[in-house]
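User: I have a protein to go through for class. Can you take me through it in plain words?
Analyst: Yes, send it over.

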Amino acid sequence: QVQLVESGGGLVQTGKSLRLSCAASRSIFSICAMGWYRQAPGKQRELVATIASGGSTNYTDSVKARFTISRDNAENTVYLQMNSLKPEDTAVYYCNADCRLGGVPLADYWGQGTQVTVSS
């Protein structure tokens with residue numbers, strides 16, 4: 001079992017920055033793609049960004065050029081740097097680990113979520 005613990009959320013004004021962190025309880029990055037998702041009130045959970053075990057990244061269009069996903073393999077931690085925040089970025093942000101071996105799904109882990117609120 002792997003635990004993911006998010007931190008770094010909070011209340012900021014429009015245009016400011018936040019950095020979210022997600023620490024895994026053990027080393028999983030070699031077989032897991034890591035991702036950040038978010039869920040706003042009354043909306044479905046949506047993908048924000050992912051980083052594959054090989055390091056390639058993917059972003060939803062609304063955050064491109066503003067958000068950056070990265071990871072520190074030595075610390076078993078994945079980050080989401082969020083710049084130029086907008087009120088529509090307000091949501092609970094969740095860390096995800098999608099673990100596969102040879103393309104076969106092994107496990108899917110989620111963190112407890114961290115609230116990000118952007119005031120206008």
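Analyst: One term to begin with: helices and strands here are DSSP runs, at least four residues for a helix and at least two for a strand, numbered from the N terminus. Also keep in mind that this is a predicted model.

User: ok, how many helices and strands does the protein have?
Analyst: There are 0 helices and 11 strands. From the N terminus on, the order is β-β-β-β-β-β-β-β-β-β-β.

User: what does the C-alpha trace span along its principal axes?
Analyst: About 45 × 25 × 25 Å.

User: and how does the radius of gyration fit a compact globule?
Analyst: A compact globule with 120 residues would have a radius of gyration near 14 Å, and the protein has 14 Å, so the two agree.

User: what share of the residues is buried?
Analyst: Buried residues are 39% of the 120 in the protein. The exposed area comes to about 6300 Å², with carbon and sulfur atoms supplying 47% of it.

User: charges?
Analyst: The protein has 11 positive and 9 negative side chains. The centres of those two sets lie 3 Å apart.

User: let's pick a strand. how many residues of E8 are buried?
Analyst: Strand E8 covers residues 77-82, and 5 of its 6 residues are buried, so by the under 20% cut-off on relative accessible area the strand is mostly covered.

User: which strands pair with it?
Analyst: Strand E3, residues 18-24, pairs with E8 in the antiparallel sense over 6 bridges. Strand E7, residues 67-72, also runs antiparallel to E8, and 6 bridges join them.

User: which residues stand opposite each other there?
Analyst: From the E3 side, cysteine 22 stands opposite valine 78 in E8. From the E7 side, aspartate 72 stands opposite threonine 77 in E8.

User: is cysteine 22 buried or exposed?
Analyst: Cysteine 22, which sits in strand E3, has a relative accessible area of 1%, so cysteine 22 is buried.

User: what does cysteine 22 touch?
Analyst: Leaving out residues up to four places away in sequence, cysteine 22 touches Leu4, Val5, Glu6, Trp36, Asn76, Thr77, Val78 and Cys95. Val78, its partner across the strands, is on that list.

User: Asn76 is there too. where does asparagine 76 lie?
Analyst: Asparagine 76 lies in the loop between E7 and E8. Those two strands form a hairpin with 4 residues between them, and asparagine 76 is in the turn.

User: anything odd about its backbone?
Analyst: Asparagine 76 has a positive phi of about 55 degrees although it is not a glycine. For background, most residues other than glycine have a negative phi.

User: is asparagine 76 buried or exposed?
Analyst: Its relative accessibility is 15%, and the cut-off for buried is under 20%, so asparagine 76 counts as buried. Beyond residues up to four places away in sequence, asparagine 76 touches Cys22, Ala23, Ala24, Arg26, Ser27 and Phe29.

User: which other residue has a positive phi without being glycine?
Analyst: Serine 84 is one, with phi near 50 degrees. Serine 84 is in the loop between E8 and strand E9. At 41% relative accessibility, serine 84 counts as partly exposed.

User: new topic. what does E4 pair with?
Analyst: Strand E4, residues 32-39, runs antiparallel to E9, with 8 bridges joining them. E4 also pairs with strand E5, residues 46-51, in the antiparallel sense over 5 bridges.

User: any partners I can look up?
Analyst: Tryptophan 36 has cysteine 95 in E9 as its bridge partner. Tyrosine 37 stands opposite leucine 47 in E5. Trp36 and Cys95 are also among the residues that cysteine 22 touches.

User: how many residues lie between E4 and E5?
Analyst: E4 and E5 form a hairpin with 6 residues between them. Glycine 42 in that turn has a positive phi of about 80 degrees.

User: last one, glutamine 13. buried or exposed?
Analyst: Glutamine 13, in strand E2, residues 10-13, is exposed, with a relative accessible area of 52%. Not counting residues up to four places away in sequence, glutamine 13 touches Val118 and Ser119. Its C-alpha atom is separated from that of glycine 42 by 22 Å, and the two residues are 29 apart along the chain.

Definitions and conventions:
Residues numbered from 1 in each chain as written. Predicted model: local features only at pLDDT ≥ 70, side-chain atom pairs only at ≥ 80, totals over all residues. Heavy atoms only, no water. Rg over C-alpha atoms; globule rule 2.2 N^0.38 Å. Buried < 20%, exposed > 50% of the residue type's maximum accessible area, 1.4 Å probe, protein only. Areas by Shrake-Rupley, 256 points an atom, 1.4 Å probe, with all protein chains shown as cover. Lys, Arg positive; Asp, Glu negative; His and termini not counted. Charge placed at Lys NZ, Arg CZ, Asp CG, Glu CD. Pairing = 2+ DSSP bridges. Contact = heavy atoms within 4.5 Å.
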